[in-house]
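Open the model in your viewer and keep the selection tool at hand. The stops below each name something to select and then say what is there.

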Amino acid sequence: MYEVRVEADFAAAHFLKDYHGKCENLHGHNYKVYAHVRGDRLDEGGMLLDFTELKAALRETCSLLDHKNLNDFDYFKQNPSAERIATFIAENIIQDIPSLKKNNTGNAYLYAVDVFETDTSRARYIL
């Protein structure tokens, strides 16, 4: 099994409803995002997937969130947790590169998306 990973980042604000603590207040993070792709076969060029293609899809998705209040997005249902952000990013990458959908006819598939709110706090969405 092979795995490749690319990363991107974005800055955004949010607040968490139904959370009893300081994160109920509007605050921001410098998010770091990792997208992981897995597969068991390399292509004729010896690659699982071209990094450039995956980086472009991840960066495009992160640019949608950059310098925004995430609570303004209908997708997050007014509670943009790191888990929901990871799901949003994964779904957008699959939309941009449909061949990465798991159980598609291709070998490589999007395995997971990690969203770090801080260096020590990460949520992972495994597809």
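Start in the loop between β1 and β2, where Asp18 sits. This is a predicted model, and the angles and distances below are read from it. Asp18 is not a glycine, yet its phi is positive, at about 60°. Is Asp18 buried or exposed? Its relative accessibility is 71%, and exposed begins over 50%, so Asp18 counts as exposed.

A second residue with this feature is His67. Select the loop between α1 and β3 to find His67. His67 also is not a glycine and has a positive phi, here about 55°. With a relative accessibility of 66%, His67 counts as exposed.

**The sheet**

Now select the strands. There are 5 of them in an open sheet, and the order across it is β3-β1-β2-β4-β5, with mixed pairing. At the edges are β3, residues 68–69, and β5, each of which pairs on one side only.

Go next to β1 (residues 2–14) and β2 (residues 27–39). These strands pair in the antiparallel sense, over 13 bridges. To see one bridge, pick Glu3 and look for its partner in β2, which is Arg38. While the strands are on screen, turn on their side chains: in a regular strand, side chains alternate between the two faces of the sheet.

Then move to β4 and β5. β4 covers residues 109–118, and β5 covers residues 121–126. How many bridges join β4 to β5? The number is 6, and the two strands run antiparallel. Together β4 and β5 form a hairpin, with 2 residues between them. Select Thr118 to find one of the bridges: its partner in β5 is Ser121.

**The helices**

Select α1, residues 51–65, together with α2, residues 82–96. The axes of α1 and α2 come within 9 Å and cross at roughly 130°. That angle makes α1 oblique to α2. On the α1 side, the contact is made by Leu54, Ala57, Leu58, Glu60, Thr61, Leu64 and Leu65. On the α2 side, it is made by Ile85, Phe88, Ile89, Asn92, Ile93 and Asp96. The crossing of α1 past α2 is right-handed.

Bring the sheet back into view. α1 lies across β1, β2 and β3, and runs at about 15° to β1. α2 lies across β1, β2, β4 and β5, and its angle to β4 is about 145°.

For a closer look at the helix contact, select Thr61 in α1. Which residues does Thr61 touch, leaving out those up to four places away in sequence? They are Phe88, Ile89, Asn92, Ile93 and Asp96. The relative accessibility of Thr61 is 1%, and buried means under 20%, so Thr61 counts as buried.

**Arg38 and Asn107**

Return to β2 and select Arg38. The side chain of Arg38 is joined to that of Glu3 by a polar contact of 2.7 Å. Glu3 is also the residue that has Arg38 as its bridge partner. Leaving out residues up to four places away in sequence, Arg38 touches Met1, Tyr2, Glu3, Leu48, Asn107, Ala108, Tyr109 and Tyr111. Arg38 has a relative accessible area of 24%, and partly exposed lies between 20% and 50%, so Arg38 is partly exposed. For a distance to check in the viewer, take the C-alpha atoms of Arg38 and Leu49: they are 9.0 Å apart in space, and the residues are 11 apart in sequence.

From Arg38, step to Asn107, one of the residues it touches. Asn107 sits in the loop between α2 and β4. Which backbone atoms does its side chain reach? One is the backbone nitrogen of Asp40, at 3.0 Å. Another is the backbone oxygen of Arg41, at 2.4 Å. Apart from residues up to four places away in sequence, Asn107 touches Arg38, Gly39, Asp40, Arg41 and Leu48. The relative accessible area of Asn107 is 19%, and buried means under 20%, so Asn107 is buried.

Note on methods
Residues are numbered from 1 along each chain as its sequence is written. This is a predicted model: local features need pLDDT of at least 70, side-chain atom pairs count only at pLDDT 80 or more; totals for chains, interfaces and linings use all residues. Side-chain values use heavy atoms; hydrogens and water are left out. Helices (H or I, at least four residues) and strands (E, at least two) are DSSP runs, numbered from the N terminus. Buried means under 20% relative accessible area, exposed over 50%, partly exposed in between (1.4 Å probe, protein chains only). A polar contact is a pair of N or O atoms within 3.5 Å; within protein, one must be able to donate a hydrogen and the other to accept it, and residues adjacent in sequence count only if both atoms are side-chain atoms. Contact means heavy atoms within 4.5 Å. Two strands pair if DSSP finds at least two bridges between them. Axes are lines fitted to C-alpha atoms, for helices over the stretch in contact, and angles run from 0 to 180 degrees between N-to-C directions. Angles under 35 degrees count as roughly parallel, over 145 as roughly antiparallel, 65 to 115 as roughly perpendicular and the rest as oblique. A crossing is left-handed if the near helix is turned anticlockwise from the far one by less than a right angle, and right-handed if clockwise.
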